[in-house]
Amino acid sequence: MAKYRQEYIFGLRAVIEAIQQEKEIDKVMLKQGIKGELFQTLFALMRERGIPFQYVPEDVFKPFADRNHQGVLAEVAPVPYQDIQEVLDQVIAKGEVPLVLILDRVTDVRNFGAIVRSAACAGVHAVVIPNKNSAKISSDAIKTSAGALYHIPVCRVLNLKKLVRELKFERKMFVYAATEKAGKLYTEVDMTLPLAIVMGSEDKGIDEGLLNIVNEQIKIPLKGEIESLNVSAAAAVMIFEVVRQRDASRGTSRGTDLFGGKRKPL
């Protein structure tokens, strides 16, 4: 597994240039009280591109005192995000049945890493996260994923609702939402179709707006006194049901992958 190393960009002009050049930025930290024309330019760019930012006290910048940071520090994503539409085009060109995992408000980095690890093992084509309110690709996430974050496409989008509509109406994919509010079990639906599965955070679940536009809501039956599964465990249950159904529909054995061969993530 490649060694994780967090990268930063320092200074107003440098961060502005990085955003304009579409550098993959996880978050921008701004010193409290920062002002000026260049800052206004940066602020407008961050809002336009949907880049998360946070105002932080001056102490945060102490480890970078030898850099001309100007009160601006951008964290650069160690793994480049990919375009979901381009990923799907490649999947279809290979004659494969799309399988996408969408994570709504999953902010715990270890859960995120564990989900990506399971997704890679199950042959998921892409994991999609929103620009905001999502875990970032950190050392903990990469470690928990056992390096899977280097090998499976992670796609970041501005609006999950817009994406779900595109998948449903333009890509003709079926979108399931995993939620305890559902009336139907996950084993009672067809997962051999071109598919996207939405998973939500353990505390807030899936956004109500998303629940209203998916094709169907499904749940995992729980027999004990605990009301919910850890989201990484629930995601693994869901995607390996896809493996089971698709293998069964093709008459493949347990030793083959999701699509009946030795497929590697794109």
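# Exercises on two sheets and two pockets

In strand 4, the residue facing K27 is E75. Keep in mind that this is a predicted model. Let's work through it.

## Exercise 1: the four-stranded sheet

Find the sheet that K27 and E75 help to build, and say which strands stand at its edges.

Step 1. Start with the strands around that pair. Strand 2 (residues 25–31) and strand 4 (residues 72–76) are antiparallel partners, joined over five bridges.

Step 2. Now widen the view. The open sheet has four strands, in the order 1-4-2-3, and its pairing is mixed.

Step 3. Read off the edges. Strand 1 (7–10) and strand 3 (53–56) each have a single partner strand, so each has one side with no neighbour in the sheet.

Step 4. Check the twist. On average, neighbouring strands here are turned by 25° against each other, direction ignored.

Step 5. Add the helices. Helix 1 (residues 12–20) packs on this sheet and touches strand 1, strand 2 and strand 4. The direction of helix 1 makes about 120° with that of strand 1. Helix 2 (residues 37–49) packs on the sheet too, touching strand 2, strand 3 and strand 4. Its direction makes about 140° with that of strand 3.

## Exercise 2: the seven-stranded sheet

Work out how strand 5 fits into the sheet of seven strands, and whether its faces are covered or open.

Step 1. Get the order first. This open sheet runs 7-6-5-10-8-11-9, with parallel pairing.

Step 2. Look at the ends of that list. Strand 7 and strand 9 (184–185) are the edge strands, and each has a single partner, so one side of each is left without a neighbour in the sheet.

Step 3. Place helix 6. Helix 6 packs on the sheet and touches strand 5, strand 6, strand 7, strand 8 (174–178) and strand 10. Its direction makes about 160° with that of strand 5.

Step 4. Count the bridges of strand 5. Six bridges tie strand 5 to strand 10, and the two run parallel. Three bridges link strand 5 to strand 6 (residues 126–130), again in parallel.

Step 5. Match up some residues. L99 sits opposite L195 in strand 10. In strand 6, V100 has A126 as its bridge partner, and I102 is opposite V128.

Step 6. Sort the side chains by face. In a regular strand, side chains alternate between the two faces of the sheet. For strand 5 (residues 99–104), L99, L101 and L103 are on one side, with V100, I102 and D104 on the other. Both faces are covered, as these residues are all buried. That makes six of six residues buried.

## Exercise 3: one methionine

Decide whether M199 is buried or exposed, and list what it touches.

Step 1. Locate the residue. M199 belongs to strand 10.

Step 2. Apply the cut-off. M199 has a relative accessible area of 3%, and buried means under 20%, so M199 is buried.

Step 3. List the contacts, leaving out residues up to four places away in sequence. M199 touches L101, I102, L103, D104, V106, A178, I206, V231, A234, A235 and M238.

## Exercise 4: the largest pocket

Describe the largest pocket, then take a look at L158.

Step 1. Begin with the volume. The largest pocket holds about 630 Å³ of space.

Step 2. Find the lining. There are 21 lining residues, and R49, N131, R156, V157 and L158 are the closest to the centre. Helix 3 (84–93), strand 7 (154–157) and helix 6 (160–169) each give two or more residues to this lining.

Step 3. Sort the lining by type. Nine residues are nonpolar, four are polar and eight are charged.

Step 4. Zoom in on L158, in the loop between strand 7 and helix 6. Its relative accessibility is 59%, and exposed means over 50%, so L158 counts as exposed. Setting aside neighbours within four places in sequence, L158 is in contact with R49, G50 and N131.

## Exercise 5: the second largest pocket

Which helix gives the most to the lining of the second largest pocket?

Step 1. Set the scene. This pocket has about 430 Å³ of space. It is lined by 23 residues, with A178, T179, E180, S228 and L229 nearest its centre.

Step 2. Check which elements give two or more residues. They are strand 10 (195–200), strand 11 (216–219) and helix 8 (231–250).

Step 3. Pick the top one. Helix 8 gives the most, with three residues.

Step 4. Finish with the mix. The lining has eleven nonpolar, five polar and seven charged residues.

Note on methods. Residues numbered from 1 in each chain as written. Predicted model: local features only at pLDDT ≥ 70, side-chain atom pairs only at ≥ 80, totals over all residues. Heavy atoms only, no water. 1 Å grid on protein atoms, 1.4 Å probe; cavity = no way out; pocket = protein on both sides within 12 Å on 5 of 7 lines; lining within 4 Å. Points joined across faces, edges and corners; volume = space filled by probe spheres on them. Nonpolar A, V, L, I, M, F, W, Y, C, P; charged D, E, K, R; others polar. Pairing = 2+ DSSP bridges. Axes fitted to C-alpha atoms, helices over the stretch in contact; angles between N-to-C directions. Contact = heavy atoms within 4.5 Å. Buried < 20%, exposed > 50% of the residue type's maximum accessible area, 1.4 Å probe, protein only.
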